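Okay, thanks everyone, I'll keep this short. Let me put the chain up on the screen and then we can walk through it together.

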Amino acid sequence: MFEKLVEVICNYVEVEPATVKPESRFMEDLGFTSFDFMSMLGELEDQFDVEVDEQEAANIRTVGEAVEYLEKLSAQ
């Protein structure tokens, strides 16, 4: 899950995959704008066949939190 998420992240911001860590913050560390983040969530919904709750997604700050959230959705 983490590796797939890193691939998607690299489609939205110019970062080296190796620099993306679970503790990396989307806005502060990776340079995401809120528009980038919402666009990425749409792609993740398609890729993982899940439905992201926007209010819950607003609380996701790090890559690790996103992985946990996606794993929880995938398990439902």
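I'll start with the overall fold, then go to the surface and the charges, and finish on one helix.

One thing up front: this is a predicted model. So, what do we have? The chain has four helices and zero strands, and reading from the N terminus the order is simply α-α-α-α. The radius of gyration is 11 Å, close to the 11 Å the globule rule gives for 76 residues, so the chain is as compact as a globular protein of that length. If you box up the C-alpha atoms along the principal axes, you get roughly 30 × 20 × 20 Å.

Next, the contacts. Taking those between residues at least 6 apart in sequence, 47% join residues at least 24 apart. Of the 76 residues, 38% count as buried.

On the outside, the accessible surface is about 4,800 Å², with 46% of that belonging to carbon and sulfur atoms. As for charges, there are 5 positive and 19 negative ones, and their mean positions sit 6 Å apart.

Now zoom in on H1, residues 2–12. Which residues of H1 are buried? Those are Leu5, Val6, Val8 and Ile9. They cover an arc of only 165° around the axis, which puts them on the same side of H1. And what do they pack against? Helix H2, that's 34–48, and helix H4, 63–74. Flip to the face of H1 turned away from the buried side, and you find Glu3, Glu7 and Asn11, which are exposed.

That's my tour; happy to rotate the view if anyone wants another look.

Key:
Residues are numbered from 1 along each chain as its sequence is written. This is a predicted model: local features need pLDDT of at least 70, side-chain atom pairs count only at pLDDT 80 or more; totals for chains, interfaces and linings use all residues. Side-chain values use heavy atoms; hydrogens and water are left out. Helices (H or I, at least four residues) and strands (E, at least two) are DSSP runs, numbered from the N terminus. The radius of gyration is taken over C-alpha atoms; the globule rule is 2.2 Å times the number of residues to the power 0.38. Buried means under 20% relative accessible area, exposed over 50%, partly exposed in between (1.4 Å probe, protein chains only). Contact means heavy atoms within 4.5 Å. Accessible areas come from the Shrake-Rupley method with a 1.4 Å probe; for residues, only the protein chains shown count as cover. Lys and Arg count as positive and Asp and Glu as negative; His and the chain ends are not counted. The place of a charge is taken as NZ of Lys, CZ of Arg, CG of Asp or CD of Glu. The arc is that of the directions from the helix axis to the C-beta atoms.
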